[in-house]
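User: Please take a close look at a single part of this structure and at whatever packs around it. I am in my first year, so please explain each term when it comes up.

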Amino acid sequence: MNLIFIVLAALLVSAVVLRLGLVLWRRPKTDGHLEHHVVNASVLRDQLAELDRDRRNGTLSKQDHEEVVQDLQRRALEEAEPPTTIVSRRSGSKYAALGLAIVLPLASTLIYLRLGNPAAISPVPAQSIPNVTQADVQAMVDSLAARLALNPDDPAGWLMLARSYRYFDRYEDAANAFSKAVGVIRVDPLALTEYAEALARSSPNGFVGEPSALLGRALALNPKEPFALTLAGAAALERRDYDQAIAYWEQLLELLPPDSDAARAVTQSIGQARGQRDQSTTSDKLGVEQPS
């Protein structure tokens, strides 16, 4: 049961008991029946209000609500009967206050446990999420491929399949699926970059040709696409354009958190590209100086 609910309920009951108890404790000589009537009428009103709240909150059914209300109405009529007792002294009021402090909380608890729904305030237990294995993912990919074979006019489905093939390093299949998703990837710089990667990894020519063209289109759409900058630098390094590779990676470095692992990896790649550039420059100079 919710701890906050229990605390609030206890405070509410305590406030009611305190208020009624003080009235009984401090009251001077009075008619015993009137005193009893006032107390019970207040209790009945509080109980009716609590029942109405439970009914509105859905923790009390309509039938149970009507039965309890009828019972409280009957008790109210009984309380309205002419007095049969006469004067009670102040000591009797004190005993009534003490009795009320004990009986009212106990009665409220019993009524709620009988008519309420304690389980409704308990937090719903979190359902365990089953582990998805690689075999499950492969089964889903195969199912998607089978569906697209029957209904090929689904560019978004082909894009999902292409990315699934990339997950399994099936780059040739991924490139084929990307080619059928042109309707959605032509304005998506990330998808264009993924397509370029799939083509480069599945071709012996690497980034030469269409992969480099796709990277150019991706960067034209978004010059700050991190994956496009990464592969554009790799493509430049592949064709030994070290300055261009360094330029792409320096742009990428500006987009990364300074102390991140990715930033350190890019910084290392820039250093390696500079080292290869310097070595290439030295070799070219030596080649020129040597006699043919």
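Analyst: Residues 24 or more positions apart account for 56% of the contacts in the protein with a separation of 6 or more, where a contact means heavy atoms within 4.5 Å. This is a predicted model, in which local features need pLDDT of at least 70 and side-chain atom pairs count only at pLDDT 80 or more, while totals for chains, interfaces and linings use all residues. Residues are numbered from 1 along each chain as its sequence is written, and side-chain values use heavy atoms, with hydrogens and water left out.

The secondary structure of the protein consists of 13 helices and two strands; these are DSSP runs numbered from the N terminus, a helix being H or I over at least four residues and a strand E over at least two. Of the 292 residues, 31% count as buried, which is to say under 20% relative accessible area, whereas exposed is over 50% and partly exposed lies in between (1.4 Å probe, protein chains only).

The part to look at closely is helix α9, which covers residues 189-202. With 14 residues, α9 should span 20 Å at 1.5 Å a residue, and its end C-alpha atoms are indeed 20 Å apart; the expected span is 1.5 Å times one less than the number of residues. Because eleven of its 14 residues are buried, α9 is largely enclosed by the rest of the structure. Those buried residues include Pro-189, Leu-192 and Tyr-195, but also Thr-193, Glu-194 and Glu-197. Among the elements that cover them are α6, α7, α8 (182-185), α10 and α11.

Two of these neighbours can be followed in detail. Two packed helices are described by the angle between their axes and the distance between the axes. Axes are lines fitted to C-alpha atoms, for helices over the stretch in contact, and the angles run from 0 to 180 degrees between N-to-C directions.

Take α10 (210-221) as the partner to begin with. Its axis lies 8 Å from that of α9, and the angle between the two is about 165°. The two helices are therefore roughly antiparallel to each other; angles over 145 degrees are given that name, those under 35 count as roughly parallel, 65 to 115 as roughly perpendicular and the rest as oblique. The crossing of α9 and α10 is left-handed, meaning that the near helix is turned anticlockwise from the far one by less than a right angle, while clockwise would be right-handed. On the α9 side the contact includes Leu-192, Tyr-195, Ala-196 and Leu-199, and on the α10 side it includes Glu-210, Leu-214, Ala-218 and Leu-221. The residues of this contact divide into eleven nonpolar, one polar and two charged, where Ala, Val, Leu, Ile, Met, Phe, Trp, Tyr, Cys and Pro count as nonpolar, Asp, Glu, Lys and Arg as charged, and the others, Gly among them, as polar.

Glu-210 shows this contact at the level of one residue. It lies in α10 and counts as partly exposed, at 45% relative accessibility. Leaving aside its neighbours within four places in sequence, Glu-210 is in contact with Tyr-195 and Leu-199. The C-alpha atoms of Glu-210 and Leu-199 are separated by 7.9 Å, although the two residues are eleven residues apart along the chain. Ala-213 also lies in α10 and is partly exposed, at 44% relative accessibility; its C-alpha atom is 10.0 Å from that of Thr-193, which is 20 residues away along the chain.

The second partner is α11 (residues 226-238), whose axis is 9 Å from that of α9, at an angle of about 30°. That makes α9 roughly parallel to α11, and α9 passes α11 in a left-handed crossing. Here Leu-190, Thr-193, Glu-194 and Glu-197 of α9 meet Phe-227, Ala-228 and Leu-231 of α11, a set that divides into four nonpolar, one polar and two charged residues.

The helix α11 has 13 residues and reaches 18 Å from its first C-alpha to its last, close to the 18 Å expected. Its buried residues, among them Ala-228, Leu-231 and Gly-233, pack against α9, α10 and α12 (242-255). In the loop between α11 and α12 sits Arg-240, which has a positive phi of about 65° although it is not a glycine, and which counts as exposed at 64% relative accessibility.
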